[in-house]
Amino acid sequence: MALESATSNGTTDENHPEEKDEWKEGWLFKKTHYTMRWKLVWCHIRDGQLIYGFNEKSAEKAINLVGAKVEMLEGDDGTFGWTITPKDSKRTFMLRASSAEEQWACMTAICEAQLSSEQHCSNACVVQ
């Protein structure tokens, strides 16, 4: 069964890899702000935010997903990667999954978190 992602304008996209489980939490790679190295972090989505930390118990840092711009990474760093730029922020977070399927599931979960937030803004959320 293929995942079907909804956009804020009501359309759907069925052209994506097969996925068995919806991503809710797990290990992702995040590019560090200062050293620009990929570091493994524990992540989960809650209340329109991507919460991350060194492990499940220390996950306290948050990226606001509501109104954030989410884009695929390109180039050598772009293998299964994407960026998140929170609304009204100059900082861009770079994340990477272990596989194309995990990348698709994570990006879909981010899109769904944006759409289901009480603070949902009118911009469309499309995972391609």
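**A tryptophan in a strand**

Task: Decide whether Trp42 is buried or exposed, and find out which residues it touches.

Solution: Start with the surface. Trp42 has 11% relative accessibility, so it counts as buried (buried means under 20% relative accessible area, exposed over 50%, partly exposed in between, with a 1.4 Å probe and protein chains only). Before you go on, note that this is a predicted model, where local features need pLDDT of at least 70, side-chain atom pairs count only at pLDDT 80 or more, and totals for chains, interfaces and linings use all residues. Numbering runs from 1 along each chain as its sequence is written, and side-chain values use heavy atoms, with hydrogens and water left out.

Next, place the residue: Trp42 belongs to strand β4 (helices, H or I with at least four residues, and strands, E with at least two, are DSSP runs numbered from the N terminus). Then list its contacts, meaning heavy atoms within 4.5 Å. Leaving out residues up to four places away in sequence, Trp42 touches Glu25, Gly26, Trp27, Ile51, Tyr52, Gly53, Asn55, Glu56 and Ala59. Finally, check one of these partners by backbone: the C-alpha atoms of Trp42 and Gly53 are 5.4 Å apart, although eleven residues separate them along the chain.

**Two hairpins around one strand**

Task: Work out how β4 is joined to β3 and to β5.

Solution: Take the β3 side to begin with. β3 and β4 (residues 38–46) run antiparallel and are joined by seven bridges; two strands pair if DSSP finds at least two bridges between them. In this register, Phe29 has Leu40 of β4 as its bridge partner. Six residues sit between the strands of this hairpin, and Met36 takes a positive phi near 55° there.

Now the other side. β5 (residues 49–53) pairs with β4 over five bridges, again in the antiparallel sense, and Cys43 stands opposite Tyr52 of β5. This hairpin has two residues between its strands, with Asp47 in the turn at a positive phi of about 50°.

**A lysine under cover**

Task: Is Lys30 buried or exposed?

Solution: Locate it: Lys30 lies in β3, which spans residues 25–31. Its relative accessibility is 8%, so Lys30 counts as buried. Who surrounds it? Beyond its neighbours within four places in sequence, Lys30 is in contact with a set of residues that includes Trp38, Tyr52, Arg91 and Phe93.

**From strands to a sheet**

Task: In what order do the strands of the open sheet lie, and where does the helix go?

Solution: Count the parts. The protein chain has one helix and nine strands, in the pattern β-β-β-β-β-β-β-β-β-α along the sequence. Seven of the strands make up an open, antiparallel sheet ordered β6-β5-β4-β3-β9-β8-β7. Its edges are β6 (61–64) and β7 (69–72), each pairing on one side only. Neighbouring strands here are turned by 35° against each other on average, direction ignored.

Now add the helix. α1 (residues 100–116) lies across β3, β4, β7 and β8, running at about 20° to β8 (axes are lines fitted to C-alpha atoms, for helices over the stretch in contact, and angles run from 0 to 180 degrees between N-to-C directions).

**Two cysteines**

Task: Explain why Cys43 has no disulfide partner.

Solution: Look at the total: the structure holds zero disulfides, a disulfide being a pair of cysteine sulfur atoms within 2.5 Å. The closest cysteine sulfur to that of Cys43 is in Cys106, 7.8 Å away, so it is too far for a bond. As for cover, Cys43 is buried at 0% relative accessible area, and Cys106 is buried at 1%.

**Charged pairs**

Task: How many salt bridges does a search of the whole structure find?

Solution: The search finds two, where a salt bridge is a side-chain nitrogen of Lys or Arg within 4 Å of a carboxyl oxygen of Asp or Glu. One links Arg46 and Asp47, with the closest N and O atoms 3.9 Å apart; Arg46 is partly exposed at 45%, while Asp47 is exposed at 70%.

The other links Lys69 and Glu71 at 3.7 Å between the closest N and O atoms. Lys69 is partly exposed at 48%, as is Glu71 at 40%. Lys69 also stands opposite Thr85 in β8.
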